[in-house]
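Me: I'd like a close look at one part of this protein, and at what packs around it. Please keep it friendly, since I'm new to this.

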Amino acid sequence: MIGRACPQKDPDLFVEVVELVRCRVPDLEAVWIGGGDPGAEERLRGAGIEVTGWVEADDLAPLVDRVDVVVHTARYEGFPISVLDASARQVPVVARDIPALVGTPIVRAAGAAGLADTVVACLRDPAFARAVAGQGATLLRTMNDETQRSAFAQLYQHGGAAAEASADR
């Protein structure tokens, strides 16, 4: 997981997922990239999960590069930038099924069991892991600076043309 350890990101769900995955992959090393609420950090560490603490933007990529799967457990988001960060590093992302991700190609699952099953599949099947990472690459084709800048420019051009047509009436 990448993010602030706080109720929104649901570290308790992450602990559940890690425990379920460890039943099938006992040597799993789990990492929460980020920090936050001391109580949440304590629960994560108590479950044998490494907590990096706050990470500066320049230091994020090397940490993401060392993981096999990013599990996004947030209860809600506007849009999770951490999903884009992991996708940009070609790391498979398995996310909790939340409204912010509906309509995206990101692989989503419901509940701890669904997330754990998908993580285990990524860890055991390199072809499946590549396919999941490919969904992130598909997302990045539309969720990037250039594409978004172009979309906003078209929106403003269209909006300006509509305003001029309305003023001419």
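**A close look at H5**

Reply: Let's start with length: H5 has 14 residues, so at 1.5 Å a residue it should span 20 Å, and its end C-alpha atoms are indeed 20 Å apart. (That expected span is 1.5 Å times one less than the number of residues.) Bear in mind that this is a predicted model, where local features need pLDDT of at least 70 and side-chain atom pairs need 80 or more, while totals for chains, interfaces and linings use all residues. Residues are numbered from 1 along each chain as its sequence is written, and side-chain values use heavy atoms, without hydrogens or water.

Helices here are DSSP runs of H or I with at least four residues, and strands are E runs of at least two, numbered from the N terminus. H5 covers 111-124. Its buried residues (under 20% relative accessible area, 1.4 Å probe, protein chains only) are Ala112, Leu115, Ala116, Thr118, Val119, Val120 and Cys122. An α-helix has 3.6 residues a turn, so residues three or four places apart point the same way.

What covers them? Among the elements doing so are H1, S3, S4, S5 and H6, with contact meaning heavy atoms within 4.5 Å.

H5 also supplies at least two residues of the largest nonpolar core, as do H1, S1, H2, S2 and H6. Such a core is a set of buried Ala, Val, Leu, Ile, Met, Phe, Trp, Tyr and Cys residues joined through side-chain atoms within 4.5 Å. This one has 29 residues, with Phe14, Val17, Val21, Trp32, Leu44 and Ile49 making the most contacts inside it.

Definitions and conventions
Buried < 20%, exposed > 50% of the residue type's maximum accessible area, 1.4 Å probe, protein only.
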